[in-house]
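Thanks for coming. I will go through helix packing and then salt bridges, with the structure on the screen.

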Amino acid sequence: WLAEARAFDPAALAAVDRSSLELFIHGRAEAVAFQPFEGWRSMSLGAQGGFQTDLPELLRAMPMEHAAQVDKFLARLAAVPRRVDQELHWLKRGIALGWVPPQAVLQRVLEQIDEQLLAPPQSNPWLEALQHMGPQIPPATQAALRERATEALRTQVLPALQRLRDFVAGPYMAAAPADGALSRYPDGARVYRLVIAEHTTLPLSARQLHDIGLREVARLQREIEAAW
């Protein structure tokens, strides 16, 4: 994607398309820069969201105007066990590479999974999209589709989520560090430099960034005291 995007002639594009191309190239270049760090990329579970929340959010965004669209929704529910197994493979690979999120993050992940496991079908985030089925779907058909979805939740989704939870609470938590300082991970310093560049777009070191923070806090404190 990056090579194909760089092959475009920006001069042949309208201004707004040139901006879109620049943004796309920037994003793909960042992704390529992170590619060598397989362990970092294996950490897909985060306290503010991740694999455990991405799937229900994807389903929530699906169009549900027609019965055929609901059928695609049901097909995705049926595919959840295989998708969870794929993710477990990469989480195990992360353990082998020495890249596991810290314990506090995983504790929050477990809370998020538990919320999904315990929610009843009518309020479960995995089935939220069913509340927006189009009026052109007859009521009887809607009821039948909800019944199929509820059965898929019970027999496909929840058992897969339970496997994910058991793994996170067991071997993944056991391998988790007490803190998440990147300096303790293999190649963590190199990853940290990439993360800084990703968030600031500037060639700053961690020390430079920290010093900027200290100066800004001191400046704000002076302004607060002057206003007080």
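**Helix packing and salt bridges**

In α4, the residues Gln52, Thr53 and Pro56 meet Val109, Gln112, Ile113 and Gln116 of α6. By type, the residues of this contact between α4 and α6 are three nonpolar, four polar and no charged. Before I go on: this is a predicted model. Helix α4 covers residues 51–60, and α4 packs on α6 at an angle of about 35°, with the axes 9 Å apart.

I will keep giving those two values, since two packed helices are described by the angle between their axes and the distance between the axes.

Next is the other partner of α6 that I want to show, α7. Helix α6 is residues 103–118 and helix α7 is residues 139–174. The angle for this pair is about 160° and the axes are 10 Å apart. Angles over 145 degrees count as roughly antiparallel, and α6 and α7 are therefore roughly antiparallel to each other. The crossing of α6 past α7 is left-handed.

Which residues of α6 meet α7? On the α6 side they are Gln103, Leu106, Gln107, Leu110, Ile113, Asp114, Gln116 and Leu117. On the α7 side they are Leu158, Leu161, Gln162, Leu164, Arg165, Val168, Ala169, Tyr172 and Met173. The residues of the contact of α6 with α7 divide into eleven nonpolar, four polar and two charged. Ile113 and Gln116 are on the α6 list here, and Ile113 and Gln116 also meet α4.

Helix α7 packs with α5 as well. Helix α5 runs over residues 67–97, and α5 and α7 pack at about 5° with their axes 9 Å apart. That angle makes α5 roughly parallel to α7. The contact of α5 with α7 has 20 nonpolar residues, one polar and five charged.

One residue of α7 I want to pick out is Gln142. Is Gln142 buried or exposed? The relative accessibility of Gln142 is 13%, so Gln142 counts as buried; the cut-off for buried is under 20%. Leaving aside neighbours within four places in sequence, Gln142 is in contact with Met133, Gly134 and Ile137.

Now the salt bridges. As background, side chains of opposite charge can pair when their charged atoms come close. How many salt bridges does the structure hold? There are 13 salt bridges in the structure, and I will show three.

The first on my list is Glu38 with Arg93, where the closest N and O atoms are 2.9 Å apart. Glu38 is in helix α3, residues 38–42, and Arg93 is in helix α5, so this pair ties together parts that are 55 residues apart in sequence. Glu38 counts as partly exposed at 26% relative accessibility, and Arg93 counts as partly exposed at 35%.

Next, back in α6, Arg108 forms a salt bridge with Glu111, with the closest N and O atoms 3.2 Å apart. Arg108 and Glu111 are three residues apart in α6, about one turn of the helix. Arg108 is partly exposed at 32%, and Glu111 is partly exposed at 36%. Arg108 and Glu111 are also linked with Glu115 in a network of salt bridges.

Last, Asp211 forms a salt bridge with Arg207, the closest N and O atoms being 3.6 Å apart. Both lie in helix α9, residues 206–227, four residues apart, or about one turn of the helix. Asp211 counts as partly exposed at 28% relative accessibility, whereas Arg207 is exposed at 53%.

That is what I have.

Definitions and conventions: Residues numbered from 1 in each chain as written. Predicted model: local features only at pLDDT ≥ 70, side-chain atom pairs only at ≥ 80, totals over all residues. Heavy atoms only, no water. Axes fitted to C-alpha atoms, helices over the stretch in contact; angles between N-to-C directions. Helix = DSSP H or I, 4+ residues; strand = E, 2+ residues; numbered from the N terminus. Parallel < 35°, antiparallel > 145°, perpendicular 65-115°, else oblique. Left-handed = near helix turned anticlockwise from the far one by under 90°. Contact = heavy atoms within 4.5 Å. Nonpolar A, V, L, I, M, F, W, Y, C, P; charged D, E, K, R; others polar. Buried < 20%, exposed > 50% of the residue type's maximum accessible area, 1.4 Å probe, protein only. Salt bridge = Lys/Arg side-chain N within 4 Å of Asp/Glu carboxyl O.
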